[in-house]
Every structure is written in C-alpha cells, then in structure tokens.
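The exercises below are meant to be worked through with the sequence and the coordinates open side by side. Try each task before reading its solution.

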Amino acid sequence: MSVLKAENIKKSFTVGEVVTEVLKGVDFELQEGEFVAIVGESGSGKSTLLYILAGIDKPSEGEVLLLGKNITDIPDEEIAAMRRRDFSFVYQFDNLVPNLTVYENITLPLMLDKRKEDDYKQRVDEVINYLGLGHRQKNFPRQLSGGEQQRVAIARALVTNPKVIFLDEPTGSLDKERGRQVMELLADINKNRGVALVMVTHSQTHANYAGLIVRMEDGVIQKSA
C-alpha cells in the first residue's frame, strides 16, 4: 500500500533574470513499511526533493500525496498538525531545543499538540528505554554526545507513532562508529516497528541499510537499486 506518491515534481528558483531548475520532473513512491535511501552528489536535488515530500517546501509544479492527502494544496497549519501526528522529520543536525531537557525535547510534538501527559507517558517511557536514553532524561542537549543528541532527535520523531519518518543526512554530523549505530537503530525501527523511512544521504555504506536506493543526478532520478 502506498503511503507517499509524488508526480512530476519540479522546483525552480529565480534570482533576477536567472532561473535555476533544481528538480526537473521527479516521480517518487513509498510503500507502507518501506525504507528508501536517496543518494547523490551535492546539488543533485535530493534534499530539495525530501523537503517537498515532507511538506516543508512547495514544488513549482506537480503534487505530493502523503497518507492520502495532497499536501501541495492544504494549508501549512494542517501540514504542521500532520507532522505532529502522522509523520516526522529528522534533520542532519539534531535541531534540539537547547534549554529543554531530553525528556522535554522528546515530548515537544506531543505538548504542541496539546495532549495530556497521562495519555502519552507510557509511550514516551517505552521509546526512551528503547533508545537507551533512560539515564539522560534530565540532561540538556549540551551535556550529550553527538550520537546521543541524534538519538534524542530520533526519539522525538518516533514518539508520535508516525507512519513515515523523513531523514536528512541523519549521520552527516557523526563519526563512523556513531553513524553506524544510528543506521542500525533506523534499520531496526523500520524492520521491527514497520515505520516507513525516506532518507537522504551522501554515504553509500549507509544507503545500503535501505531496501531501495534511489540515485539523483542533476534534478532527476537516474536509477534504483
């Protein structure tokens, strides 16, 4: 079953009289429980595509159907609500709030959604323990290692029980060993929890954790593996 389908996605930027085409008609589909890695050189358009698939950016042409909704047409407020409930986004740099504790960072989307702690406490504890962050709940981001910070970001993405998680270079700021640990964690989330993942990466090694690899060059998808 398809949870994400994008058709004829084009994106261009105009500066003065210069028009730059970043995406030149991309089709993309994600099945329920699938793990897809999008790879390519810098400037290939892969991150722009990811941001459009996740509703963070809008295409110049084309449409994106995410979980049955055309997110190119709905208001930003509705997309934000979907991001708090139905899908999540993990950035290259953890994007944590520095003055919030680990627990508060993880529960932030739930609090923004005005849910009561009694309703989500058990879920939060389960995710925190699953990711090995139980002893870090009261710490602030500055007190964590890079790998721990990224695990907190993944916990925040996972705690809403999403159907899809988008990831933009989730290991890009980590060393080799911590990058491997994060990738094994993502593979486990996909395999054992059934969460569909779309990941942009420069690393072929990390892309190999995915079930499908999509390669982008010059704004178009060249091949899958």
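Two strands are said to pair if DSSP finds at least two bridges between them. The model used throughout is predicted.

**Exercise 1. Determine which strands pair with strand 7, and in which sense they run.**

Begin with strand 8, residues 196–201, which pairs with strand 7 in the parallel sense over 5 bridges. To place this pairing on the sequence, find V164, which stands opposite A196 in strand 8. Next turn to strand 6, residues 87–90, which runs parallel to strand 7 and is joined to it by 4 bridges. Here the residue to find is S88, which stands opposite I165 in strand 7. As a last step, follow the chain through strand 7, helix 6 (residues 176–193) and strand 8, and note that these elements make a right-handed β-α-β unit.

**Exercise 2. Decide whether strand 7 is enclosed or open, taking its two faces in turn.**

The step needs a cut-off: a residue counts as buried when its relative accessible area is under 20%. On one side of strand 7, V164, F166 and D168 are buried, and on the other side I165 and L167 are buried, which leaves both faces covered. Counting along residues 164–168, 5 of the 5 residues are buried, so strand 7 is largely enclosed by the rest of the structure.

**Exercise 3. Describe the largest nonpolar core and say which elements supply it.**

The largest nonpolar core has 37 residues, and those with the most contacts inside it are I106, V124, I165 and L186. Among the elements that each supply at least two residues of this core are strand 3 (35–39), helix 4 (117–130), strand 7 and helix 6. The largest share, 6 residues, comes from helix 5. A second, separate core of 31 residues includes V3, L50, L53 and V164. Returning to I106, and leaving aside its neighbours within four places in sequence, one finds it in contact with V124, I128, L133, V152, A155, R156 and V159.

**Exercise 4. Work out how helix 3 and helix 5 pack against each other.**

Two packed helices are described by the angle between their axes and by the distance between those axes. For helix 3 and helix 5, the axes come within 7 Å and cross at roughly 35 degrees, and the crossing is right-handed. The residues that meet are V102, N105, I106 and P109 in helix 3, and V152, A155 and R156 in helix 5. Now look at burial along helix 3, where V102, Y103, N105, I106, T107, P109 and L110 are buried. The cover over these buried residues includes helix 2, helix 4 and helix 5. Just after helix 3, K114 takes a positive phi of about 60 degrees.

**Exercise 5. Lay out the order of the strands in the antiparallel sheet.**

The open sheet is formed by 4 strands in the order 2-1-4-5, with antiparallel pairing. Strand 2 and strand 5 are its edge strands, each pairing on one side only. Strand 1 (residues 2–15) pairs with strand 2 (residues 18–31) over 11 bridges, and L4 stands opposite L30 in strand 2. In the hairpin of these two strands there are 2 residues between the strands, and G16 takes a positive phi near 65 degrees. Strand 1 also pairs with strand 4 (residues 61–66), over 5 bridges, where K5 stands opposite L65 and E7 stands opposite E63. Finally, helix 1 (residues 46–53) lies across strand 1, strand 2 and strand 4, running at about 60 degrees to strand 2.

**Exercise 6. Two loop residues, T160 and P75, are to be located; is T160 buried or exposed, and how much relative accessible area does P75 have?**

T160 lies in the loop between helix 5 and strand 7. Its relative accessibility is 6%, and T160 therefore counts as buried. Not counting residues up to four places away in sequence, T160 touches R84, R85, S88, P109 and L110. P75, by contrast, lies in the loop between strand 5 (69–70) and helix 2 (76–85), and with a relative accessible area of 44% P75 is partly exposed. To place P75 in space, compare it with K191: the two are 116 residues apart in sequence and 33 Å apart, C-alpha to C-alpha.

Terms used: Residues numbered from 1 in each chain as written. Predicted model: local features only at pLDDT ≥ 70, side-chain atom pairs only at ≥ 80, totals over all residues. Heavy atoms only, no water. Buried < 20%, exposed > 50% of the residue type's maximum accessible area, 1.4 Å probe, protein only. Right-handed = clockwise from strand over helix to strand, strands pointing away. Core = buried A, V, L, I, M, F, W, Y, C linked by side-chain atoms within 4.5 Å. Contact = heavy atoms within 4.5 Å. Axes fitted to C-alpha atoms, helices over the stretch in contact; angles between N-to-C directions. Left-handed = near helix turned anticlockwise from the far one by under 90°.
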